[in-house]
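Work through the exercises below with the sequence and the coordinates open. Each task is followed by a solution in steps.

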Amino acid sequence: MRSATFPKTRRILVGCVFHESHGFSPHITGADQFEIDRGMTLLMQARQSDTTLGGMVRKTEALGHEAIPAISISAPPSGRVDHGFYARIRIELIELARRERYDAIALELHGAMGTTELADAEGDLLSDLRKAVGPNVPIGVGLDLHAHVTPAMLDAADICIACKENPHSDVVECGERVIEGLLAMLDGTFKPTITMAKAPMILPGAAETAIGPLAELHARARSIQGVHPEIWDISIYNVFRYLDDEDIGQAAVVISNGTTESAISAAEELASQFWAWRERFRDDLLTIDQVLDVAAKDPQGRPYILADMGDRVLAGAPGDSTAILMHALSRGDELRGAIPVTDPASVEAATVAGAGARITLDVGGRLTPGFRPLRITGRVLAVGDGRFVMAGPFRGGEETSLGRTAVLLVEDRMCILLTSKPGFTHDPAAFTSQGIDLAAQDFVVVKSGYHFKMNFAGIGTPLSVATPGIGYYTRGQLSWQKARFWPEHDISAPRIEAIVHGRGKDIA
Ligand SMILES: [Zn+2]
């Protein structure tokens with residue numbers, strides 16, 4: 001008679017450090033901008049959130065293993081993170097990892113976080129974590145596909161994979177897959193090797209994965225995996241555009257089980273294809289007047305959801321632009337709209353005046369270099385604490401904050417949502433939680449370029465608008481110190497070569 005064997009219960013330390021840091025924003029992101037969870041709160045939040053960490057925790061528990069909470073910090077994209085705050089979080093995470101012997105460590109990291117002192121915070125964090133826990137504890141990382149993947153990260157972690165879609169509809173699956181990989185490592189059936197090739201370029205546009213050149217690249221990646229079962233994952237990273245670091249580029253990262261030959265050729269083929277297709281990565285955006293013309297002339301599509309591309313908080317811009325507001329007020333067509341503006345001083349003034357008061361304020365334009373405030377007069381409809389739970393699907397169920405808020409009604413038709421912090425306005429709950437009726441608007445401005453299309457699906461018609469600001473790449477606009485990439489710099493025929501990283505080198 002065979003003796004029954006019970007699978008061993010694994011103890012996996014889980015955590016999250018999530019921030020996309022705009023290297024050229026003057027806004028420094030401090031502790032007060034982050035949602036910070038520890039202990040049981042972390043686990044309870046993760047169990048109900050559609051995030052990579054949520055996928056990690058739910059998968060671990062569904063398979064009968066134990067998720068041990070470390071720390072989770074998350075903030076909307078903005079300027080570089082205050083280094084002192086980052087250093088404290090790093091120490092806390094490493095102390096927790098060292099306290100006991102865990103079977104594995106699973107982290108959700110954005111992958112494009114910079115601090116006031118470091119361009120590659122994740123590389124620093126993972127290197128220190130590896131030093132702390134030694135070579136034998138598997139470390140798995142789920143990244144955003146806009147990560148700046150660096151050798152430091154790949155040399156320290158055993159598994160680094162991204163979600164595969166932009167907008168990011170598959171972040172939960174990314175977290176689940178990290179756990180599957182770690183458990184397979186612990187069972188001895190998976191010995192991951194990480195191979196990366198990069199093309200020295202950013203994507204000026206065409207950044208969605210369901211259409212255009214990225215859809216073709218992802219289809220090619222899937223077909224390579226179809227004929228090479230030893231390839232466990234291919235992640236294609238479209239690096240965040242505003243990180244001034246060395247080796248910025250489009251990265252193809254292949255994780256294979258032991259062998260590296262097919263991984264090297266896959267990584268080099270995909271990275272080379274980026275370069276060959278570089279001129280295809282362009283957007284066709286409409287001007288502000290063009291989208292307001294559409295909103296005025298075609299009521300069928302209302303409310304139009306206008307992506308303020310230049311001032312995208314989801315690309316790290318401060319969210320203080322008044323460009324669309326100014327145009328909408330100066331037109332004679334009486335359009336009704338809802339527009340978020342980051343402006344803590346105006347929130348304070350409106351709060352002091354109180355709901356119902358009529359006030360004149362100079363709003364916005366104080367954070368982004370070159371912007372100017374706009375003088376408006378309106379009635380304070382409401383003031384609040386700005387906390388809300390995102391409706392999703394992107395980051396649905398996650399609690400977040402706009403900082404303190406005030407809603408100002410201008411000319412009885414324009415709802416200005418004044419926020420103290422740059423916030424996640426890609427989600428309709430950012431507006432509805434503040435008492436703004438979306439169905440009553442002709443247009444709603446969001447500070448997001450892609451994710452709002454998922455979260456506003458069924459609510460309105462998305463349009464992407466060419467607007468000023470630091471949230472949309474324009475050649476020659478910013479002064480790069482370290483990064484060299486197409487189309488900012490003249491680069492001819494780069495050598496695109498795959499490198500096998502870190503711990504996999506010993507296995508290959
Ligand atoms: Zn992203």
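## Exercise 1: the zinc site

Four donor atoms surround the zinc ion and subtend angles of 52 to 144°, which makes their arrangement irregular. The model is a predicted one.

**Task.** Identify the protein donors of the zinc ion, and justify the class of the arrangement.

**Solution.**

1. The donors are two OD atoms of Asp-144, ND1 of His-146 and NE2 of His-168, at 2.1 to 2.7 Å from the zinc ion.
2. A tetrahedral label would need all angles between 85 and 135 degrees. The angles here run from 52 to 144°, so the arrangement is irregular.
3. Along the chain, the donors of the zinc ion have the spacing D-x1-H-x21-H.
4. His-146 belongs to the loop between β7 (139-143) and α5 (151-156), while His-168 belongs to the loop between β8 (159-162) and α6, so the two histidines tie together parts 22 residues apart in sequence.
5. Both count as buried: His-146 has a relative accessible area of 12%, and His-168 one of 2%.

## Exercise 2: helix α6

**Task.** Check the span of helix α6 (residues 171-187) against its number of residues, then list its buried residues.

**Solution.**

1. Helix α6 has 17 residues, which at 1.5 Å a residue should span 24 Å. The expected span uses one less than the number of residues.
2. The end C-alpha atoms of α6 are 25 Å apart, which agrees with the expected value.
3. The buried residues of α6 are Val-171, Val-172, Cys-174, Gly-175, Val-178, Ile-179, Gly-181, Leu-182, Leu-183, Ala-184 and Met-185.
4. In reading such a list, note that an α-helix has 3.6 residues a turn, so residues three or four places apart point the same way.
5. After α6 comes Gly-188, with a positive phi near 85°.

## Exercise 3: aromatic rings

**Task.** Classify the ring pairs Phe-190 with Trp-232 and Phe-240 with Tyr-242, and place the residues of the former pair in the chain.

**Solution.**

1. The structure contains eight aromatic pairs.
2. One of them is Phe-190 with Trp-232, at 4.8 Å centre to centre and 40° between the planes, a tilted pair.
3. This pair links distant parts of the chain: Phe-190 is in the loop between α6 and β9 (192-199), and Trp-232 is in strand β10 (residues 231-237), 42 residues apart.
4. Phe-190 is buried at 5% relative accessible area, and Trp-232 also counts as buried at 14%.
5. For Phe-240 and Tyr-242 the ring centres are 5.5 Å apart and the planes stand at 80°, so this pair is edge-to-face. Both Phe-240 and Tyr-242 are buried.
6. Elsewhere, ring pairs join Phe-24, Tyr-473, Trp-480 and Phe-485 into a cluster.

**Task.** Which arginines lie over the faces of Trp-275 and Trp-277?

**Solution.**

1. Over the face of Trp-275 lies Arg-278, 4.1 Å from the ring centre.
2. Over the face of Trp-277 lies Arg-280, 4.7 Å from the ring centre.

## Exercise 4: strand β3

**Task.** Assign the side chains of strand β3 (residues 35-38) to its faces and describe its pairing with β4.

**Solution.**

1. The side chains alternate along β3: Glu-35 and Asp-37 point to one face and are buried, whereas Ile-36 and Arg-38 point to the other and are not.
2. Strands β3 and β4 (residues 66-74) run antiparallel and are joined by four bridges.
3. Ile-36 has Ile-73 of β4 as its bridge partner.

## Exercise 5: backbone exceptions

**Task.** Locate the cis bonds before Pro-303 and Pro-487, and compare the settings of Ala-206 and Glu-334.

**Solution.**

1. The background is that most residues other than glycine have a negative phi, and most peptide bonds are trans.
2. The bond from Arg-302 to Pro-303 is cis, with omega near -5°; Pro-303 sits in the loop between α9 (288-297) and β12 (304-308).
3. The bond from Trp-486 to Pro-487 is cis, with omega near 5°; Pro-487 sits in the loop between β21 (461-465) and β22 (499-501).
4. Ala-206 has a positive phi of about 50°. Ala-206 is in the loop between β9 and α7 (212-227) and counts as buried at 18% relative accessibility.
5. Glu-334 has a positive phi near 60°. Glu-334 is in the loop between α10 (323-330) and β13 (337-342) and counts as exposed at 52% relative accessibility.

Notes. Residues numbered from 1 in each chain as written. Predicted model: local features only at pLDDT ≥ 70, side-chain atom pairs only at ≥ 80, totals over all residues. Heavy atoms only, no water. Buried < 20%, exposed > 50% of the residue type's maximum accessible area, 1.4 Å probe, protein only. Donors = N, O, S within 2.8 Å, 3.2 Å for Na, K, Ca; no water. Tetrahedral: all angles 85-135°; square planar, octahedral: opposite > 155°, others 65-115°. Phe/Tyr/Trp six-rings, centres within 6.5 Å; stacked < 30°, edge-to-face > 60°. Lys NZ or Arg CZ within 6 Å of the ring centre and 35° of its normal. Pairing = 2+ DSSP bridges.
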